[in-house]
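Open the structure in your viewer and keep the selection tool at hand. Each stop below says what to select and what is there.

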Amino acid sequence: MRSYAPLLGRILLGLIFVMSGLTKITGFEATQQQMAAQGMPLTAVFLVGAIVVEVLGGLSVILGLWARGGAAALILFLIPATLIFHTDFGQQTQVIMFLKNLSIMGGLLLVMAFGSGPYRIRSLRGADEDVAYA
């Protein structure tokens, strides 16, 4: 089980981002309206950026292909997203969403620190970027 735990953890961690990115694609206009309601400028630009980071970063973590970089990109995405959309602490749901995002950041920090684990797609260059895990 110990050798499969990093793979399962990466799948569970990355899945939320891939699904969120795909949902943003199918609900582009509604998501753009939510962003505008929070006072964000250039919503189309930021939304396309969010989709790219979420889908590619999530797949990177899931596949273990450049997982450390993908995890770092997702953390950098989560920081402003959390501060913009989940700081209405008068609403219990927003407190939970804030804490959920902090927990996800913790999992991504573990991927950054320990790499992908033994089950991953290796870099196309043949380099093994995550040897520090073993």
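The tour goes from a helix pair to the loops, the cores and one last side chain. Bear in mind that this is a predicted model.

**Stop 1: a helix pair**

Select residues 43–63, helix α3, and residues 67–85, helix α4. Two packed helices are described by the angle between their axes and the distance between the axes. For α3 and α4 the angle is about 145 degrees, and the axes lie 8 Å apart. The crossing of α3 past α4 is left-handed.

Now show the side chains where they meet. On the α3 side, pick A50, V53, E54, G57, G58, S60 and V61. On the α4 side, pick A67, G70, A71, A73, L74 and F77. What is the mix of nonpolar, polar and charged residues in this contact? It divides into 8 nonpolar, 4 polar and 1 charged.

**Stop 2: two loop residues with positive phi**

Most residues other than glycine have a negative phi, and most peptide bonds are trans. Two residues here have a positive phi without being glycine.

Select L42 first. It sits in the loop between α2 (28–37) and α3. Its phi is about 45 degrees. Is L42 buried or exposed? L42 is exposed, because its relative accessible area is 60%, and exposed means over 50%.

Move to W66, in the loop between α3 and α4. Phi of W66 is near 55 degrees. W66 has 38% relative accessibility, so it counts as partly exposed.

**Stop 3: the loop after α4**

Select H86. This residue lies in the loop between α4 and α5 (92–114). Why does H86 count as buried? Its relative accessibility is 14%, and buried means under 20%.

Add Q94 to the selection. The side chains of H86 and Q94 are joined by a polar contact of 2.7 Å. Then show A81, M97, F98 and N101. Leaving aside neighbours within four places in sequence, H86 is in contact with these four and with Q94.

**Stop 4: the largest core**

In soluble globular proteins, nonpolar side chains tend to be buried together. Here the largest nonpolar core has 15 residues. Select F17, F77, L78, I104 and L108, which have the most contacts inside it. Helices α1 (5–26), α3, α4 and α5 each supply at least two residues of this core. Which helix gives the most? That is α4, with 7 residues.

Centre the view on L78. Beyond its neighbours within four places in sequence, L78 is in contact with F17, N101, I104, M105 and L108.

**Stop 5: a second core**

A second, separate core has 5 residues, among them M35, M40, I51 and V55. Select I51, in helix α3. I51 is buried, because its relative accessibility is 10%, under the 20% limit.

Which residues does I51 touch, leaving aside neighbours within four places in sequence? Show G21, K24, I25 and F28: I51 is in contact with each of them. Then draw a line from I51 to F17, C-alpha to C-alpha. The two are 34 residues apart in sequence and 8.9 Å apart in space.

**Stop 6: K100**

Finish in helix α5, where K100 is found. K100 is partly exposed, with a relative accessible area of 29%. Its side chain makes a polar contact of 2.6 Å with the side chain of N101. Finally, add T82. K100 and T82 are 18 residues apart in sequence and 9.6 Å apart in space, C-alpha to C-alpha.

Conventions
Residues are numbered from 1 along each chain as its sequence is written. This is a predicted model: local features need pLDDT of at least 70, side-chain atom pairs count only at pLDDT 80 or more; totals for chains, interfaces and linings use all residues. Side-chain values use heavy atoms; hydrogens and water are left out. Axes are lines fitted to C-alpha atoms, for helices over the stretch in contact, and angles run from 0 to 180 degrees between N-to-C directions. Helices (H or I, at least four residues) and strands (E, at least two) are DSSP runs, numbered from the N terminus. A crossing is left-handed if the near helix is turned anticlockwise from the far one by less than a right angle, and right-handed if clockwise. Contact means heavy atoms within 4.5 Å. Ala, Val, Leu, Ile, Met, Phe, Trp, Tyr, Cys and Pro count as nonpolar, Asp, Glu, Lys and Arg as charged, and the others, Gly among them, as polar. Buried means under 20% relative accessible area, exposed over 50%, partly exposed in between (1.4 Å probe, protein chains only). A polar contact is a pair of N or O atoms within 3.5 Å; within protein, one must be able to donate a hydrogen and the other to accept it, and residues adjacent in sequence count only if both atoms are side-chain atoms. A nonpolar core is a set of buried Ala, Val, Leu, Ile, Met, Phe, Trp, Tyr and Cys residues joined through side-chain atoms within 4.5 Å.
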